[in-house]
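Trainee: I should like to go through this structure and ask, term by term, what justifies each description.
Mentor: Please do.

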Amino acid sequence: MVREVDPPSIQKDFLLAALAEGKRLDGRIPLEQRKIEFIFGDELGNVECRIGKTAVLAQVSASIVKPRDDRPYEGFLMINSEIGPMASSIYENGRSSDSEVLITRLLEKSIRRTEAIDREALCILAGEKVWQLRLTLHFLSDSGNLLDCASMASMIALKHFRKPDVEVIGDEVIIHSPEERAPVPLAIHHTPLCLTFAYFENLPPILDPTHLESTLCAGTLTVTMNAQREICVLSKAGGTPLSAEDIMGVVRVGVDQVREMVKIMDQALEKDRESRVIEVQ
Amino acid sequence: MSSSRIEILNDGGLRHDARRPYELRSTSFQLNTHPTAEGSSTVTQGLTTVQVSIFGPREPRQRSQASHDKAIINVEVGVVPWAQGGGGIKRVRGDKRLQEIGASIRQTFEPVIMTHLYPRSEITINVQVLSADGGILPTSINATTLALISSGISILDYITSISIGLYLKQPLLDLSFLEEQDLPNLIISCLTNSNKITLAQMETRLHIDRFEEMLNLGLEACKVLKIEMELIVKEQTEKIVERMNVKSIISSNASGMNIDE
């Protein structure tokens, strides 16, 4: 594996000195996120999410498959997320590094295991036909905090996506093309979003670390939450030890932040919907 | 996967293995269970058994990975084929779950091992799960702490780890495999002296207020585990010290005889 060159110690000292004064190198305050931007593709379910210079493109597609025998009423959600060298030269094709495994696993846990998508609503004909959703993530550039960006991209793509309308008559299934009938949105239970905090020795946590900050930090904490004040996934491995109050403090900050992010997402979706013709009445 | 056939908590307030909610499974800690490792331990919690062996500090296998000012830590996690009958963990190399467990162990111990004392070297932590019945990660972390102590590598504090589940409104400690499948669970590991958390992992939805309760309960449980672990370590050390004394008595006797002559 290619090892990244460590940043020079003078840069490290500068960053730490600035943080000690509560300042960050890009002019943010400690608990501020970079600017979030969504770029909607031509197709439904194709959204690029940008946080600062980090960019992840999410693409949702659907196909019809046979369900598993033991779960005849459930559809599938597959998440493909392989980080290639396009994001950053430290990632290699075909070989997954530790950080890549963590990102993939966390995404899977936060979207699939928390049942963000109602999988039973993907059933067309019990035991015969169900929808299989495929969420493909393309990591376009890594400027720190890929995970948060990826989770946001995934959720907005799933919300943006619409599957073709189907009609079941007896055993026959008719799939209506989008020209014929307006496609229908997915049933989404809640919107789990990841928030990553970075810790430095003896300093308060910072939200949304940049690449430099995450290489120099003593550890990170990722919490996945939804707007209903629920923690979906919490992952803090190593780094500076924290007391229970510290963790609860971060979680409380997360609650408001996630609400804010969901609001931004909904606004972007609303704006996109106005510019697009999906439904013909 | 979830089998609702088992009763998590019955009318008498007992769990499926007749434990009370806050009761830990029976534990056994053994030190130095590996013949060639620098330090090793076998920890059994309930039906989960994990053996950890520490190799190093030694010359890094890959020179390019060495760091000039601190030791690097490698963690390898293996599960023996018979650890869990049937389903559960697949034993493929490069399994993402095992890789994740390995990464968690490494990140947990990196800030605790005083790596700056061993520059340009490598410490390999080899984790073998001998039987799995839930709580692989907590048991592995507990075993690693003991193995590090037995290897004599400098660490800052004991790290103990425990899983905490939640059934309705009742938190449960130290989950078995069946409970792990059905309940939201949180794994924490903490530095027992400073009461600070180094690792926290949770995978299922949970309301914030319940979370805080579980966190504090887990911290208490970690302290209990530490007391148990310290007991074993002290007992072991006492034995060694005793033997050293015997030796010094013999040598002083021998020298005394020399003077007499």
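Trainee: How many helices and strands does the secondary structure of chain B come to?
Mentor: This is a predicted model, and its chain B comes to 4 helices and 10 strands. From the N terminus on, the elements run β-β-β-β-α-β-α-β-β-α-β-β-β-α.

Trainee: Why is strand β8 of chain B called mostly covered?
Mentor: A residue is buried if 20 or more other C-beta atoms lie within 10 Å of its own. In β8(B), residues 185-191, 7 of 7 residues are buried, so each of these residues reaches that cut-off. For chain B, buried residues make up 43% of the 261 residues.

Trainee: Which residues of β8(B) point one way, and which the other way?
Mentor: Asn185(B), Ile187(B), Ser189(B) and Leu191(B) point one way, while Leu186(B), Ile188(B) and Cys190(B) point the other way. In a regular strand the side chains alternate between the two faces of the sheet. Both sets in β8(B) are buried.

Trainee: What makes β6(B) and β8(B) a pair of strands?
Mentor: Pairing requires at least two bridges found by DSSP. Strand β6(B), residues 159-167, and β8(B) have 7 bridges, so they pair, and the sense is antiparallel. The bridge partner of Gly165(B) in β8(B) is Asn185(B).

Trainee: How do you know that β8(B) also pairs with β9(B)?
Mentor: The same test applies: 6 bridges join β8(B) to β9(B), residues 196-202, against a requirement of at least two, and therefore they pair. These strands run antiparallel, and Ile188(B) stands opposite Ala200(B) in β9(B). Their hairpin has 4 residues between the strands, and Asn195(B) takes a positive phi near 60 degrees there.

Trainee: How many residues does each chain give to the contact between chain A and chain B?
Mentor: Chain B gives 31 residues and chain A gives 27 residues. On the side of chain B that touches chain A, the elements giving two or more residues are α1 (96-109), β9, β10 (206-207) and α4 (208-260). By class, that side has 12 nonpolar, 12 polar and 7 charged residues.

Trainee: Why are β14(A) and β10(B) said to pair?
Mentor: They have 2 bridges, and the definition asks for at least two, so the requirement is met. Strand β14(A), residues 230-242, and β10(B) pair in the antiparallel sense, with Ile231(A) opposite Leu206(B) in β10(B).

Key:
Residues are numbered from 1 along each chain as its sequence is written. Chains are lettered from A and ligands numbered from 1 in the order in which they are written. This is a predicted model: local features need pLDDT of at least 70, side-chain atom pairs count only at pLDDT 80 or more; totals for chains, interfaces and linings use all residues. A residue is buried if 20 or more other C-beta atoms lie within 10 Å of its own, exposed if 12 or fewer, and partly exposed in between; C-beta atoms are placed from the backbone. Two residues are in contact if their C-beta atoms, placed from the backbone, lie within 7 Å. Ala, Val, Leu, Ile, Met, Phe, Trp, Tyr, Cys and Pro count as nonpolar, Asp, Glu, Lys and Arg as charged, and the others, Gly among them, as polar.
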